[in-house]
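Good morning, colleagues. Please take a moment with the sequence and the structure before I begin.

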Amino acid sequence: MSRRYYITTPIYYVNSVPHIGTALTTVAADVNARYQRMRGREVFFLTGTDENATKVAEAAEAAGKTPKEFVDEISEEFKRIWAGLNIRYDDFIRTTEERHIKVVEEVWRRLLEAGHIYPGEYKGWYDVTTETLYSESELVDGKSPDGNPVREVSEPGYYFRLSAFAEPLLEHIEKNPRFIIPETRKNEVVSFIKQGLRDVYITRENKGWGIPVPGDESRVIYVWFDALINYISAVGWPDGDWESYWPAAAQWMGKDILVRFHATIWPAMLMGLGLPLPETLIGHGWVLMGDKKISKSLGNVVRPLELAEELDRSAGCGPELAVDAVRWHMVRTMPFENDTAFSMEEFQGRYNSELVNILSNGVHRVVSMTHNFCSGTVPDGALDEAALSQVRDALARYHAEMEAFRFDRAMDAAVEVGRILNGYIDEKKPWDLRKQDDSRLSDVMRTMVWMVRAVEAVLRPVTPTVADRLAALLNLEPLAEFSVLDGDAGVTPGLKLAQPQPLYVRLSAQKKEEGKEVREQPTQSQSSPADDTITIEDFLKVKLRIARVLDAAPVEGADKLMRLELIVGDERRQVLAGIRPQYSPEDLIGRQVVLVANLAPRKMRGYESQGMILAADGPNGEAILLQPDKEAPDGTSVH
Ligand code: MSP
């Protein structure tokens, strides 16, 4: 069996459901997994739930449920939320599963036999919120160092001989620069170990919840000791082909659970078992609200799916694209070394400036122009190598950052690909080439379509639905591996593109503020209008939208009338217009027009006209159609 690229997230406590802070770890791991699959690696992505904690039993009691009922429900809720966020894991482990429990017992037996676990008395303080034990000297004003309440513990139990592993751990960290990232956190780990590692107390009194100590039913195994083992129990250690998975390539977590757990106890347990250590532990920063960590206990939670629903309501992009926008924001602003504060303004701002203006509009311009200038078909041109090499430079940066787990920076390179595309369009001006019947138009058009394929590729790990829509617009299979961009990526002459459909539409200030702007306009009494003036409220009653002509045909028996089929955002409209003397169907198909979208429908010559398109009256009364100065997403409102 070939080596897998094995990725893990922490397994989540089931006392509450994810917020954007907890979801960040899983989204990052999912991006990691999707990216590596596109590098052609065989990926195994594991997540799951940590169900044996004391606080889980307490949360169940508070909810009036048995712990079993409670963990079953919440772990399902986690799966539902991950599905909603388009997380594609390969396995979901629950620590109450038999396959996990039997491995925990085996680990216990082996470590006990090797003398790494020994019985002893414990006296100290227990923080139930984080399931962490502290000695008297570690408490700050009678609370845990994080400020959580603690309770006193004094009991017999078992210890793990962590102290014995300090030297080998330091040596391993020294020799493997990629073992702990980012660098600042590695330094924290090193100084924590150098302060001296104490043996860890790894059992609790058995109160009916948790994994009992093999051979001593009066105790259960400390939840952290049990939970860390999930990373090997899920791959079937010590049986089967676990060696094709372990050691993991990337273990993701927030910084709060790196130093004390994943970078000390966990590798020490592995060393005690004679197992290799994971290649990389990534301890990212926190998502903050203001200057505080987002956390359920602080009551400042933003939930990712709710954020997506809100965006869908205001931008009308549909739930799946809204989820992609949330994923985009989480990755783009991902705290790595430092923490980052979540802000709604930044979320909406990036949506407009990156997803709409650069990526979505760039793609839309290409697809529309292919329809307007080349009947929707990729012409028989040559790919412009100079332009391609610019994109390939950005791709090289993208890959370097992705491999270094700096997904936030990799997305800079993704935006750069969009910028290169827009810059190319502006520089080459395909509309002029077409007017001048310049044969270079074919090269430019094919190159632009290739660039859309590159945009699809770089976005795919973070915004998979957007990427699928782009592939569908190109009428190509979703791009499975980056290596296809070494060639023409399927953008061959004759490829017929689908009809242009904008992905994301700009959030106007009006939508953002839910009509606040409209309400702030002066009222009639303040503006004292003359007879033929209207107020802004009057004007805003007219809903003007950008529409694209999908089809046009003369109306039989009417010299002046043309029947147009328009696309307005997601909607189709039929409109009759008196423009036949000036425009032929060929002039019209593919171009953008301005539509009065809320005009009452009217029957004309047996057809219903569902709106009116705007035209200026020429000197001889002829129609001169209005058109936006440059391509605007279909459906955009006009004021
Ligand atoms: N059950 C343990 C992990 C055991 S792994 C063997 C646990 N669970 S947790 O549900 O409390 O936290 C899971 C992850 O969410 C951690 O990586 C933690 O750092 C992360 N985060 C929780 N709040 C966060 C933010 N506000 N910001 C970023 N990450 C945050 O710990």
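Which atom of the ligand does a backbone N or O atom of Gly21 lie 3.1 Å from? The partner is a nitrogen atom of the ligand. I should state at once that this is a predicted model.

Two further backbone contacts belong beside that one. Val287 places a backbone N or O atom 2.8 Å from a nitrogen atom of the ligand, and for Ile294 the corresponding distance, again to a ligand nitrogen, is 2.9 Å. The ligand on its own would expose 670 Å², of which the protein buries 93%.

Let me turn to the surroundings of the ligand. The shell holds 25 residues, and those that come nearest are Ile11, Asp50, Gly254, Asp256 and Val287. Val287 is therefore on two lists: it is one of the nearest residues, and its backbone supplies the 2.8 Å approach to a ligand nitrogen.Which elements each supply at least two residues of this shell? They are β2 (12–13), α1 (20–38), α7 (223–228), α8 (230–233) and β13 (250–254).

Next, the protein as a whole. It contains 22 helices and 27 strands, and its C-alpha trace spans about 100 × 60 × 40 Å along the principal axes. Of its 639 residues, 54% count as buried. Among contacts between residues at least 6 apart in sequence, 73% join residues at least 24 apart. The exposed surface comes to about 27,800 Å², with carbon and sulfur atoms supplying 48% of it. As for charge, there are 75 positive and 97 negative side chains, and the centres of these two sets lie 2 Å apart.

I close with two individual residues. Is Arg406 buried or exposed? Its relative accessible area is 13%, so Arg406 counts as buried, the cut-off being under 20%. Arg406 sits in the loop between α13 (385–403) and α14 (407–428). Leaving aside residues up to four places away in sequence, Arg406 touches Phe336, Glu337 and Glu401.

The second residue is Glu183, which lies in helix α6, residues 183–194. With a relative accessible area of 45%, Glu183 is partly exposed. Its C-alpha atom is separated by 20 Å from that of Val331, a residue 148 positions away along the chain.

Conventions:
Residues are numbered from 1 along each chain as its sequence is written. This is a predicted model: local features need pLDDT of at least 70, side-chain atom pairs count only at pLDDT 80 or more; totals for chains, interfaces and linings use all residues. Side-chain values use heavy atoms; hydrogens and water are left out. Helices (H or I, at least four residues) and strands (E, at least two) are DSSP runs, numbered from the N terminus. Buried means under 20% relative accessible area, exposed over 50%, partly exposed in between (1.4 Å probe, protein chains only). Contact means heavy atoms within 4.5 Å. Accessible areas come from the Shrake-Rupley method with a 1.4 Å probe; for residues, only the protein chains shown count as cover. Lys and Arg count as positive and Asp and Glu as negative; His and the chain ends are not counted. The place of a charge is taken as NZ of Lys, CZ of Arg, CG of Asp or CD of Glu. A residue is near a molecule or strand if one of its heavy atoms lies within 4 Å of it. A polar contact is a pair of N or O atoms within 3.5 Å; within protein, one must be able to donate a hydrogen and the other to accept it, and residues adjacent in sequence count only if both atoms are side-chain atoms.
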